[in-house]
Each structure stands twice: as C-alpha cells, then as structure tokens.
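Hi,

Here is the structure I promised to pass on. Have a look at it first, and then read my notes below.

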Amino acid sequence: MMKTYNIIGKMKEQTRCEICGERLRFDRFQTYCENCGNVVEDMPINFGKEFANVDPEKAEKRTRTGSPMTQTDSDLGLSTNVGNFSDLKKFNAKDRFKMLRIMRWNKRVSVALERNLKSAFSELNRISNYLKLPKSIEEEGKRIYRDAVQRNLVRGRSMEKVVAAALYTACRINDLPRTLDELSEASSIEKKEIGKTYRFITRELKIRMYPSNPVDYIARFACELKLSPGTQTKAVEILEMTQKKELTSGRGPTGIAAAALYIAALINGEKRTQREVADVAGVTEVTIRNRYKELIRKLKLEKLIKNKKRKNLMVSQQSS
DNA sequence: AAGACGAAAGTGGTTGA
DNA sequence: TCAACAACTTTCGTCTT
C-alpha cells in the first residue's frame, strides 16, 4: 500500500500536539511531541539521495530522491505510459488514429498486468509471512515472479504455483533454503507441482542453481529439535568432514543434514529418535538410517558411537 | 512398548541412446 | 521418446533396549 505524505501541509496545520498542546518536534524519522511522546507521523519523505548505491561514482549520477525503490509496489513505482494526448498533435490523421489505439492497448495491458502482479504479490506476502522469511527474500521472490510474468511463463500455469516456486527459488539463491514440504504447507500446493514449476522457471529464466548445502539446514533443524549450540557446531563439523570425503554428491541435502544432526546429538548425549529428526527434516527414518550408516562408516565414527552407548548404559545401570 | 534396523516393492526424476 | 538407473519413500517384519 502506497502512502503519500504531505509533510509541508502537516507542518503548517499541525505544529502543536493535539493531546497536550505543546509544540511538535521533527527529526529525520518522525514528527513527535517532546512533552507527552505523542507521535504524529513517522516515516516522513526521505529527502536524501537514494542510498542503495554505494559506489561513489555511480552515486553521483543517482540523484533520484524519495524512498528507496522497491519491488514491493506492484508497478515498481513507475508505470509505463506510451505517449500522451498532447503528443497526438505531432501525427497526421492516420498515425494519430494508430497512436490512439496503441495508447489504449497499453493502458489495458498495464492494468491487466498490474492486477495480476497485485494479487500475486499479496499471495507471495502471505506465504513469506507464514514462513517468516526476511524482506530481502520476499523482494527477490517478487523480482523472479515479475521476470516470469514478463517472459510469459505464467500463462497456462496457476499464479499460485509460480509464486510458490519463485519464493522457493529466492530462498535457495540466498542460502536460506526451505524444503519443498514447507513451501507446500504454506501455499497449499502440492510439493511436486512446486518442484516442477521451480525447475521450469529456473530453466527459462536461466537462473543457475547449485544444489543446496546441507549446512544451511542445520541451524533451523537444530532449533526445532531444541538441540544445544554445541551439537549444532558438531553437526557442522561432521558435514565438513563429509564434504571433504565427497559423500554428499547425489544425495538429498536434507537427508545428509538430518543424519549429521542425529549423529551429533548422539555424540553429545542429547539423543533424539530417528523419527523426531526425520520429521523436522522432512525425510523418512529409512533415509536417515542409510545416511547415518554411510557417515559413521566413512568417517570412522563407529568407535565413538559405541563408546558413547557403553557410557550411557553404565549411567543408566548406576541410576537403577 | 518403543525405537532401531533392514528388506522389498513402489514413486518420480534424470540421463543417455 | 523411452528404458535404465539412482535416490528416496512406504510398508512391514524382526531385533534391541
């Protein structure tokens, strides 16, 4: 939603606080009353240059003022207009007619496009909020969706699918991968549909994707399993060893992450059942078992685990 | 009784002819 | 386009704790 502020007008008509009658103060961020703390208005117009560009050379050229540009407004804050009525005078009768038609079509197309983007973005917002994704990823998702629309990739596909896929892609790009299951739950679209659309749009938009890194999942899974930071670190160590031995290729990253966490928890005496780990990682126990077996074999962790088990046994016997 | 383990059959995607 | 194939899932019986 676009808010317009008329600060000059406000300043003129409202220099005193409505509540206590004291004079209002202004700073860069808000208009407020020093006496009673009443905030009359926050987020005023940004009078400075756009600060998105840090490169000093380019920064000189960027003299657009106002708030930073954002993908969040469905028309980027700038809509296209083809010609205007005063331009019409420049054409002869025939071309004038043509021009009129183009203008009319452009209007129609932009309205349709805008309507599409608006509903798509509100769906995208909803999913992103549900998954508690950062703003930057939301923006990325919107950028991807916009590209998809412009390349005519949405036609014949439901908008929701493309939105879900765009968000999924955005997460992957920013190394905050969500599982297809999570996206599926948030968007109520089938997992395989999202996957299919995801593959389609990354191919068509030539977005090069690398397989996601298991390490990126650890923090989130560990948090859900309420594992200690030490265990998390251990799991990451295990993953690093795993990657050195090239055990990760071809395997599902979530399965590997899950197995590493399972092992780390076992070693640090915070045991979780395979089922618990499997559930948060969105894989089955069988997969964890398979990965687990591979990992402890190749990383020579068998002894460690066995010792641990023996110790646990002793502890339980002592207590009983 | 719950968890771990493993075999067997099925699913969806990739690859190479 | 189709068959082979690798990874993963589902299901189920057995063993361990």
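How far is a polar side-chain atom of Lys271 from a phosphate oxygen of DNA strand B? The distance is 2.9 Å. Keep in mind that this is a predicted model, so every distance here comes from a prediction.

**DNA strand B**

Lys271 has company. The residues around DNA strand B are Lys192, Arg199, Tyr262, Lys271, Thr273, Gln274, Arg289, Tyr292 and Lys293. If you sort them by class, you get 5 charged, 2 polar and 2 nonpolar residues. Two other side chains to click on are Arg199 and Tyr262. A polar side-chain atom of Arg199 sits 3.5 Å from a phosphate oxygen of this strand, and for Tyr262 the distance to a phosphate oxygen of DNA strand B is 3.5 Å.

Which part of DNA strand B does the protein come within 4 Å of, sugar and phosphate or bases? Of the strand's atoms within that distance, 65% belong to sugar or phosphate, and the rest belong to bases.

Two helices are worth colouring in your viewer. Both α7 (191-204) and α12 (285-298) supply at least two residues of the surface near DNA strand B. The biggest contribution is from α12, with 3 residues.

**DNA strand C**

Now turn to the other strand on my list. Around DNA strand C you will find Gly250, Arg251, Gly252, Gly282, Val283, Thr284, Val286, Thr287 and Arg291. Sugar and phosphate make up 83% of the atoms of DNA strand C that come within 4 Å of the protein. By class, this surface has 5 polar, 2 nonpolar and 2 charged residues.

Three side chains here have polar atoms by the phosphates:

- Arg251 has an N or O atom in its side chain 3.1 Å from a phosphate oxygen of DNA strand C.
- Thr284 has a polar side-chain atom 3.1 Å from a phosphate oxygen of DNA strand C.
- Arg291 has a polar side-chain atom 2.3 Å from a phosphate oxygen of DNA strand C.

**Aromatic rings**

Next, the rings. A pair of aromatic rings is described by how far apart the centres are and by the angle between the planes. The count for this model comes to 4 aromatic pairs, and I'll go through two of them.

Why does the pair of Phe121 and Tyr145 count as edge-to-face? Their planes are at 70°, and anything over 60 degrees is put in that group. The ring centres are 6.2 Å apart. This pair links distant parts of the chain: Phe121 is in helix α3 (residues 93-130) and Tyr145 is in helix α4 (residues 135-150), 24 residues apart. Both Phe121 and Tyr145 are buried.

The other pair brings us back to DNA strand B. Tyr262 and Tyr292 are also edge-to-face, at 5.2 Å centre to centre and with 75° between the planes. Here Tyr262 comes from helix α10 (residues 253-267) and Tyr292 from helix α12, 30 residues apart, so to speak two distant parts of the chain joined by one pair. Both Tyr262 and Tyr292 are buried, and both are listed among the residues around DNA strand B.

One more ring to look at is Phe200. Arg157 lies over its face, 3.8 Å from the ring centre.

**Cysteines**

How many disulfides are there? The count is 0. As for individual cysteines, Cys171 is buried because its relative accessibility is 0%, under the 20% limit. Cys223 is exposed, because its 56% is over the 50% limit.

**Loops and positive phi values**

Last, a few backbone angles. Which residue just after α6 takes a positive phi? That is Ser188, at about 50°. In helix α6 itself (residues 180-187), Glu182, Leu183, Ser184, Ala186 and Ser187 are buried.

Asp175 is in the loop between α5 (159-173) and α6. Its phi is near 55°, a positive value in a residue other than glycine.

Lys132 has a positive phi too, near 55°. You'll find Lys132 in the loop between α3 and α4. Is Lys132 buried or exposed? With 72% relative accessibility, Lys132 counts as exposed.

Have fun clicking around!

Note on methods
Residues numbered from 1 in each chain as written. Chains lettered and ligands numbered in written order. Predicted model: local features only at pLDDT ≥ 70, side-chain atom pairs only at ≥ 80, totals over all residues. Heavy atoms only, no water. Near = heavy atom within 4 Å. Polar contact = N/O pair within 3.5 Å; in protein donor to acceptor, adjacent residues only side chain to side chain. Helix = DSSP H or I, 4+ residues; strand = E, 2+ residues; numbered from the N terminus. Nonpolar A, V, L, I, M, F, W, Y, C, P; charged D, E, K, R; others polar. Phe/Tyr/Trp six-rings, centres within 6.5 Å; stacked < 30°, edge-to-face > 60°. Buried < 20%, exposed > 50% of the residue type's maximum accessible area, 1.4 Å probe, protein only. Lys NZ or Arg CZ within 6 Å of the ring centre and 35° of its normal. Disulfide = S-S within 2.5 Å.
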